[in-house]
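Hi,

Here is the structure I promised to pass on. Have a look at it first, and then read on for what turned up.

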Amino acid sequence: MNYRHAYHAGNFADVLKHVVLAALIDALKAKPTPFAVIDTHAGSGCYALEGKEAEKTGEWREGVGRLLFPDVGPHASSGGTLPPLLRHWLDGLLSLPGNEQGLKLYPGSPLQAARAMRANDSAQLCELQPEEATRLRELLHSDKRMHVHQRDGYEALKALLPPKEKRGLVLIDPPYEAQEAEYRLIEQAIKGALVRWPTGVYAVWYPIKQRSQVQPFLRWLGHCGARRVLRAELLVHPDDSPLRLNGSGMAILNAPWKLDETLREPLRALSRLLAQGRPAEWRLDWLLEEGAAPPPSPL
Ligand code: SAM
């Protein structure tokens with residue numbers, strides 16, 4: 001377990017993940033009844049962009065850094081203003097205490113969720129790495145809605161689902177240190193989770209290096225047992241090199257109604273803003289549509 005998110009916080013992959021997270025929480029807030037967020041791989045919750053880890057890679061500058069000045073520089077967005085979802089998400093980051101003088105702190109998924117949730121919503125946050133879990137606990141200790149568990153997030157789903165609110169979201173955002181094996185862990189976890197909580201929304205982040213590495217998982221999603229599955233991807237490099245992160249995706253199982261429409265303009269804008277030396281590619285499509293016959297199982 002060597003992965004530390006501090007090196008990667010705010011990079012182009014985090015931007016996609018967290019904009020989709022914001023859209024999902026907005027959709028859950030459309031109903032007044034409380035919802036639960038279950039974050040299986042939560043991280044430490046907040047990252048210093050001027051800290052030595054973030055400075056070492058500088059990844060955030062090619063990610064959220066690009067959104068700070070969308071109207072200047074070589075990556076200027078032709079239309080000028082950001083789509084409302086992106087504008088609102090960025091304003092949320094900039095209004096974080098500590099960011100009064102500009103973006104110094106990048107909130108991770110638990111803190112972004114905490115800031116978007118309402119008083120009666122709740123979150124269960126799992127983080128296996130002891131130091132990261134301790135930091136997360138310290139960050140959120142005064143917020144009674146947020147519950148930190150230092151444990152394996154996949155295992156925890158067995159105990160945490162279904163949540164008492166009976167509606168909400170599971171975010172699965174592993175480090176993929178185990179590469180191919182991680183996909184099998186996700187599939188096992190989702191299979192069990194859908195039995196315990198068939199109506200939950202599940203959002204899975206995945207890296208794209210070589211397309212062939214992710215293809216079996218995407219095929220599996222097409223018959224995973226969810227009602228529908230939306231896929232949102234952003235590629236800043238061609239997906240043919242196993243050595244670097246070329247792009248990433250979010251697969252959203254039981255996606256809320258019209259989520260595809262909500263994400264279309266933000267994805268288009270991100271593809272302009274986050275392009276690296278060539279136009280970025282994006283995809284937004286249904287891997288599984290409600291009422292459609294599932295594709296034949298490859299097994
Ligand atoms: N979701 C966070 C965010 O968006 O801000 C980032 C999470 S980071 C990509 C993955 C985290 O998962 C790391 O902090 C790592 O220590 C933790 N981790 C790795 N394996 C785990 C497991 N089986 N259960 C829970 N956490 C795990």
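One cut-off before we start: a residue counts as exposed if 12 or fewer other C-beta atoms lie within 10 Å of its own, as buried if there are 20 or more, and as partly exposed in between. Keep in mind too that this is a predicted model. The mean pLDDT of the protein chain is 94, with 94% of its residues at 70 or more, and the scores are ipTM 1.00 and pTM 0.95.

Let's put that cut-off to use in the loop between β6 and α8, where you'll find Gln-179. Gln-179 has 11 C-beta neighbours inside 10 Å, so it counts as exposed. Tyr-176 sits in the loop between β6 and α8 as well, but it has 18 such neighbours inside 10 Å and therefore counts as partly exposed. What caught my eye is the backbone: phi is positive at Tyr-176, about 60 degrees, and positive at Gln-179, about 50 degrees. Neither is what you'd expect by default, because most residues other than glycine have a negative phi, and most peptide bonds are trans.

On the peptide bond side, there is a cis one between Leu-161 and Pro-162, with omega about -5 degrees. Pro-162 belongs to the loop between α7 (153-160) and β6.

Now for strand β7 (residues 201-208). Six of its eight residues are buried, so the rest of the structure largely encloses it. Strand β6 (residues 168-172) pairs with β7 in the parallel sense through four bridges, and Leu-171 faces Ala-203 of β7. To get from β6 to β7 the chain passes through helix α8 (residues 180-196), making a right-handed β-α-β crossover. β7 also pairs with strand β9 (residues 247-253), this time antiparallel and over seven bridges; there, Trp-205 has Met-250 in β9 as its bridge partner.

Which residues are closest to the ligand? They are His-41, Gly-43, Gly-108, Ser-109 and Gln-129, out of 21 that surround the ligand. By class, that shell holds eight nonpolar, eight polar and five charged residues.

Last stop is Glu-290, in the segment after β10 (281-288). Glu-290 has 12 other C-beta atoms within 10 Å, so it is exposed. Leaving aside residues up to four places away in sequence, Glu-290 touches Arg-227 and Arg-228. From Tyr-106, Glu-290 is 184 residues away in sequence and 36 Å away in space, C-alpha to C-alpha.

Cheers

Conventions. Residues are numbered from 1 along each chain as its sequence is written. This is a predicted model: local features need pLDDT of at least 70, side-chain atom pairs count only at pLDDT 80 or more; totals for chains, interfaces and linings use all residues. Helices (H or I, at least four residues) and strands (E, at least two) are DSSP runs, numbered from the N terminus. Two strands pair if DSSP finds at least two bridges between them. A crossover is right-handed if, with the strands pointing away from the viewer, the path from the first strand over the helix to the second runs clockwise. A residue is near a molecule or strand if its C-beta atom, placed from the backbone, lies within 6 Å of it. Ala, Val, Leu, Ile, Met, Phe, Trp, Tyr, Cys and Pro count as nonpolar, Asp, Glu, Lys and Arg as charged, and the others, Gly among them, as polar. pLDDT is the predictor's confidence in each residue, from 0 to 100. Two residues are in contact if their C-beta atoms, placed from the backbone, lie within 7 Å.
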